[in-house]
Amino acid sequence: MLFAISGVTISPILLAGIGFLVGILGGFFGVGGGFIAAPFMIWSGVPTNFVVGTDLAHMTGKSIVALRHHRALGHVDAKLGFIMVIGTVIGVEAGAQVIEWLKSQGSVDIVIPVAYIVILLIVSAFTAYESIRAIRMIRTDSLDVKDALGFQGVARRVQSLRIPPFVSLPASGIESISIWNLIGVGFLTGLMAGMLGVGGGFIRMPMLIYGLGIPTHVAVGTDLFEIIISAGYGTLTHAIKGNVDILMALVMQTGAAIGAQIGATSTRFFAGPRIRLMFSVLPLIGAALVIANLLNEGTIHF
Amino acid sequence: MEEKADRSFKLIIRNFLIEMVIYGILLVVYFFLALRYLSQPLADYFNSNLTLYAFIGLGLIVAQAVFLDMLVTFLFNAIGLDRME
């Protein structure tokens with residue numbers, strides 16, 4: 001079928017299939033899945049300038065479907081999401097400034113992909129280590145499976161910082177936490193997202209769990225809330241620049257909507273540590289795709 | 001106790017599969033309607049006014065997500081099935 005806006009002919013079934021795959025990931029892990037969708041879209045013939053914007057557009061819709069399900073399951077902390085957005089927006093802008101500086105230094109093409117790979121590998125290794133430790137703790141200490149966390153040091157320290165004003169997060173089981181901690185975590189994830197040009201779900205999810213001590217299921221739901229705002233904003237800015245094929249995004253969203261429901265529903269059948277262990281594979285896939293891209297472009301060679 | 005949990009799990013899976021079938025049918029119908037009626041008007045907006053196109057596009061994405069989900073909820077209530085939640 002011809003998509004008149006981007007001027008390409010692609011099977012709508014294929015696009016809906018890509019949406020379905022990414023929808024499952026989004027619903028289950030609370031990530032946008034851009035790092036998986038983008039290579040598939042390029043492979044299926046979507047022009048490069050339309051890939052990012054169109055992906056953001058379908059991500060917005062898919063996340064709305066998944067968020068409605070997570071909200072019904074009590075997995076969304078809207079107060080936390082709204083406060084973090086402040087830091088995220090500032091962080092994204094700061095990240096864009098860092099990119100501009102790197103461009104002026106002529107090192108953006110190597111620094112960003114290498115930083116991306118390093119961050120992905122650290123996130124993957126740490127999440128896998130912690131979740132395996134948590135699963136062992138459940139077996140040996142008979143801990144509540146939902147609350148088990150193999151690494152709580154950072155979250156405890158962050159929660160003990162007493163810089164006013166404070167806010168309570170009943171949906172996340174936190175009585176009192178400094179608002180600056182939430183904005184700070186939002187800023188850090190926004191900074192990385194702005195620098196790396198991604199939605200940042202795979203960074204934000206671990207930060208919410210390990211940095212703030214948010215329960216895994218609530219972290220997944222709240223991450224989706226953040227994705228809707230950031231991807232919605234990204235859709236508008238990219239569309240104004242003529243880089244979004246909305247019809248293509250609508251078609252992808254049809255598949256993603258079903259996938260997101262399956263993913264969101266499936267979280268009911270897995271405890272937090274198991275979800276985190278499975279999540280740890282995602283950054284590895286992302287890193288492999290970036291390395292493959294660098295090899296193809298000849299930026300790095302062995 | 002275990003038998004009760006097993007029955008509850010089967011009920012959840014059954015309702016989930018019915019929900020997926022309803023959702024799938026709605027999406028296929030919508031899919032063809034959208035491709036048929038939205039293609040040309042969207043292309044016209046894209047070529048004439050990108051800002052308007054951007055807002056209409058985002059509106060369509062949000063509306064599609066909310067509308068389909070609400071429709072499924074309505075249908076489930078109408079036929080007396082609980083949703084997965």
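**Chain B**

I started with burial in chain B of this predicted model: of its 85 residues, 20% are buried. Next I looked up what chain B is built from, and I found three helices and zero strands. Read from the N terminus, its elements run α-α-α.

**Where chain A meets chain B**

How many residues does each chain bring to the contact? I noted 31 residues from chain A and 30 residues from chain B. On the chain A side, I found that α3 (48-72), α9 (216-240) and α10 (246-266) each supply at least two residues. Which helix gives the most to that side? I wrote down α10(A), with 11 residues. Sorted by class, the chain A side that touches chain B has 20 nonpolar residues, 10 polar ones and one charged.

**The largest nonpolar core**

I then turned to the core. As a general reminder to myself, nonpolar side chains in soluble globular proteins tend to be buried together. Here the largest nonpolar core has 91 residues. The members that touch the most other members are A:Met205, A:Ile246, A:Leu247, A:Ala249, A:Leu250, A:Met252 and A:Ala257. α10(A) gives the most to this core, with 13 residues, and I had already met α10(A) as the helix that gives the most to the side touching chain B.

I picked A:Ile246 for a closer look. Leaving out residues up to four places away in sequence, what does A:Ile246 touch? My list reads A:Ala57 from chain A, and B:Leu42, B:Gly57 and B:Leu60 from chain B.

**Helix pairs around α7(A)**

For packed helices I kept to the usual description, the angle between the axes and the distance between them.

My first pair was α7 (residues 179-196) and α8 (residues 201-212), both of chain A. Their axes come within 10 Å and cross at roughly 150 degrees. Are the two roughly parallel or roughly antiparallel? That angle makes α7(A) roughly antiparallel to α8(A), and I logged the crossing as right-handed. From α7(A), the contact uses A:Asn181, A:Val185, A:Leu188, A:Thr189 and A:Met192. From α8(A), I listed A:Ile203, A:Arg204, A:Met207, A:Gly211 and A:Leu212. The class count for this contact is six nonpolar, three polar and one charged.

My second pair was α4 (residues 78-105) of chain A with α7(A). Here the axes come within 6 Å and cross at roughly 40 degrees. That makes α4(A) oblique to α7(A). The crossing of α4(A) and α7(A) is right-handed. By class, I counted 22 nonpolar, nine polar and one charged residues in the contact of α4(A) with α7(A).

**Two acidic residues**

I finished with two residues in chain A. A:Glu130 sits in helix α5 (residues 108-141). Is A:Glu130 buried or exposed? It counts as buried, because it has 21 C-beta neighbours inside 10 Å and the cut-off for buried is 20 or more. I also checked A:Glu130 against A:Arg276: they are 146 residues apart along the chain, and their C-alpha atoms are separated by 8.5 Å.

A:Asp223 is found in helix α9 of chain A. I marked A:Asp223 as buried too, because 33 other C-beta atoms lie within 10 Å. My last look-up was A:Asp223 with A:Ile119: they are 104 residues apart in sequence, and 18 Å apart in space from C-alpha to C-alpha.

Definitions and conventions:
Residues numbered from 1 in each chain as written. Chains lettered and ligands numbered in written order. Predicted model: local features only at pLDDT ≥ 70, side-chain atom pairs only at ≥ 80, totals over all residues. Axes fitted to C-alpha atoms, helices over the stretch in contact; angles between N-to-C directions. Helix = DSSP H or I, 4+ residues; strand = E, 2+ residues; numbered from the N terminus. Parallel < 35°, antiparallel > 145°, perpendicular 65-115°, else oblique. Left-handed = near helix turned anticlockwise from the far one by under 90°. Contact = placed C-beta atoms within 7 Å. Nonpolar A, V, L, I, M, F, W, Y, C, P; charged D, E, K, R; others polar. Buried ≥ 20, exposed ≤ 12 C-beta atoms within 10 Å, placed from the backbone. Core = buried A, V, L, I, M, F, W, Y, C linked by C-beta atoms within 7 Å.
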